[in-house]
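Trainee: I have a new model to learn, and I would like to understand the reasons behind the labels people use. Could we go through it together?
Mentor: Gladly. Let us look at it first.

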Amino acid sequence: MERRLYSAEHEAFRETVRTFLAKEVTPHYEQWEKDGIVAREAWLAAGRQGLLGLAVPEEFGGGGTTDFRYSAVLAEEFTRAGAAGLAVGLHNDIVGPYLTSLGTEEQKRRWLPGFCDGSTITAIAMTEPGAGSDLQGIRTTAEDRGDHWLLNGSKTFISNGILADLVIVVAKTTQEGGAHGLSLLVVERGTEGFERGRNLDKIGQKAQDTAELFFDDVRVPKENLLGELNGAFVHLMTNLAQERMGIAVAAIAAAEHLLEITTSYVKEREAFGRPLAKLQHIRFEIAEMATECAVTRTFLDRCIEDHSDGTLDAVHASMAKWWATELQKRVADRCLQLHGGYGYMTEYRVAKAFTDGRIQTIYGGTTEIMKEIIGRSLLS
């Protein structure tokens, strides 16, 4: 079905993104995967190309647009290129809204220009060794010491953890913490007591640095409190819908691309003296995946449109996230199976997509959490 979501301006932006990927990302990606980290120059190149800070006001160096469809184009093209390591979506769509919607004028002047030109790479630190999807289990503490906060604790599985120059840390600012006692503190690179652990060895997304972070009596200036004191839970809930939409958009793009690759493969690959595509079972597999992708794409495009208009709610974002990522997982598995032994070889795109995409049903809120959010909305 012809998509009606994008205008000519969006498609022109898509060509810009494809050119950037072909020039600045794809030639270097294999080395980044070996290194376990993306070169900082790629971030600076993304800034020069205008791919960072799309929603940041122009006065701070950003694109000045709240149209989420531009972010969706970025997610689709980075996914098709297999370039999850350069975490532009995390930077733009997850961290960005906290800085633009909660930052004071002084904070915006201090942080946003670097955010947009690629010299300031960002991360958000929520997950802890004992607290993943359950934010109320956070143990990292920030004690009020008059002119500063004293931050102690640790975080894990933090994307951009090694590269990040600016980390938004979720910490307890009351003894009980939980929904009414968490705050957001911005910790900057070089702050005494802020240490990074190892670059974690993952099964996929090898170029994307993911780290442990440690805070030992870190003195965080009072002016680095982001948003309302003890208001982090509400801030997080407000912004999670966009994070989940970004993941969902990447998921359906991945599923569609895998289907394209596999469709071409079964047309060319022969078994028992004829192309795989001539076997009824293969045709049924392709037909099922194509239909599932088409139905999901229709729902996702509507969600993207609603989010761009500011009308998408948390429930439908959760539906989009769990459904699209579970579809991606199923399609990756079935496409790998249709490739046979070749699908298990790392030089084949389907193998890389299988391992890179497995995290999709976990981060940003697990499938189980998404179902809980939906179920509560219907049954409470």
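Trainee: What makes the contact between the side chains of Arg198 and Glu212 a salt bridge?
Mentor: This is a predicted model, and in it the N to O distance between the side chains of Arg198 and Glu212 is 3.8 Å. The cut-off is 4 Å between a side-chain nitrogen of Lys or Arg and a carboxyl oxygen of Asp or Glu, so the pair counts as a salt bridge. Arg198 is in strand β6 (residues 194-199) and Glu212 in strand β7 (residues 210-221), 14 residues apart.

Trainee: Why is Arg198 called exposed?
Mentor: Its relative accessible area is 53%. Exposed means over 50%, so Arg198 earns the word.

Trainee: Which residue pairs with Glu285 in a salt bridge?
Mentor: Arg334 does, at 2.9 Å from N to O. Glu285 belongs to helix α7 (residues 280-309) and Arg334 to helix α8, so this salt bridge ties together parts 49 residues apart in sequence.

Trainee: Are Glu285 and Arg334 buried or exposed?
Mentor: Buried means under 20% relative accessible area. Glu285 has 16%, so it counts as buried, and Arg334, with 17%, counts as buried too.

Trainee: How do you know that the length of helix α8 agrees with what its residues should span?
Mentor: Helix α8 covers residues 314-338, which is 25 residues. At 1.5 Å a residue the expected span is 36 Å, and the end C-alpha atoms are 36 Å apart, so the two agree. Just after α8 comes Gly340, with a positive phi of about 65 degrees.

Trainee: What makes the nonpolar surface patch, and how is Met345 classed?
Mentor: Tyr342, Tyr344 and Met345 make a patch of about 350 Å². Met345 lies in the loop between α8 and α9 (349-356). Its relative accessible area is 35%, between the cut-offs of 20% and 50%, so Met345 is called partly exposed.

Trainee: Where do Glu76 and Arg14 lie, and what joins them?
Mentor: Their side chains meet in a salt bridge of 3.0 Å, N to O. Glu76 is in helix α3 (residues 68-80) and Arg14 in helix α1 (residues 8-35), so the bridge ties together parts 62 residues apart in sequence. Both residues are buried. They also belong to a network of salt bridges whose members include Arg18, Glu77 and Arg297.

Trainee: How many salt bridges are there in the whole structure?
Mentor: A search finds 33.

Trainee: Why is Ala254 called buried, and what is it in contact with?
Mentor: Ala254 has 10% relative accessibility, which is under the 20% cut-off, so it counts as buried. It sits in helix α6 (residues 232-268). Leaving aside neighbours within four places in sequence, Ala254 is in contact with Thr79 and Gln328.

Trainee: Which residues of the largest nonpolar core touch the most other members?
Mentor: Phe20, Phe78, Leu86 and Met245 do, among 61 residues in that core. Helices α1, α2 (40-48), α3, α6, α7, α8 and α9 each supply at least two residues, and α6 gives the most, with 11. Beyond residues up to four places away in sequence, Phe20 touches several residues, including Ala42, Leu51, Phe78 and Leu86. A second, separate core has 28 residues, among them Phe60, Leu112, Cys116 and Leu226.

How values were computed:
Residues numbered from 1 in each chain as written. Predicted model: local features only at pLDDT ≥ 70, side-chain atom pairs only at ≥ 80, totals over all residues. Heavy atoms only, no water. Helix = DSSP H or I, 4+ residues; strand = E, 2+ residues; numbered from the N terminus. Buried < 20%, exposed > 50% of the residue type's maximum accessible area, 1.4 Å probe, protein only. Contact = heavy atoms within 4.5 Å. Expected span 1.5 Å × (residues − 1). Patch = residues over 30% accessible without salt bridge, like charges linked within 9 Å, V, L, I, M, F, W, Y side chains within 5 Å. Areas by Shrake-Rupley, 256 points an atom, 1.4 Å probe, with all protein chains shown as cover. Core = buried A, V, L, I, M, F, W, Y, C linked by side-chain atoms within 4.5 Å.
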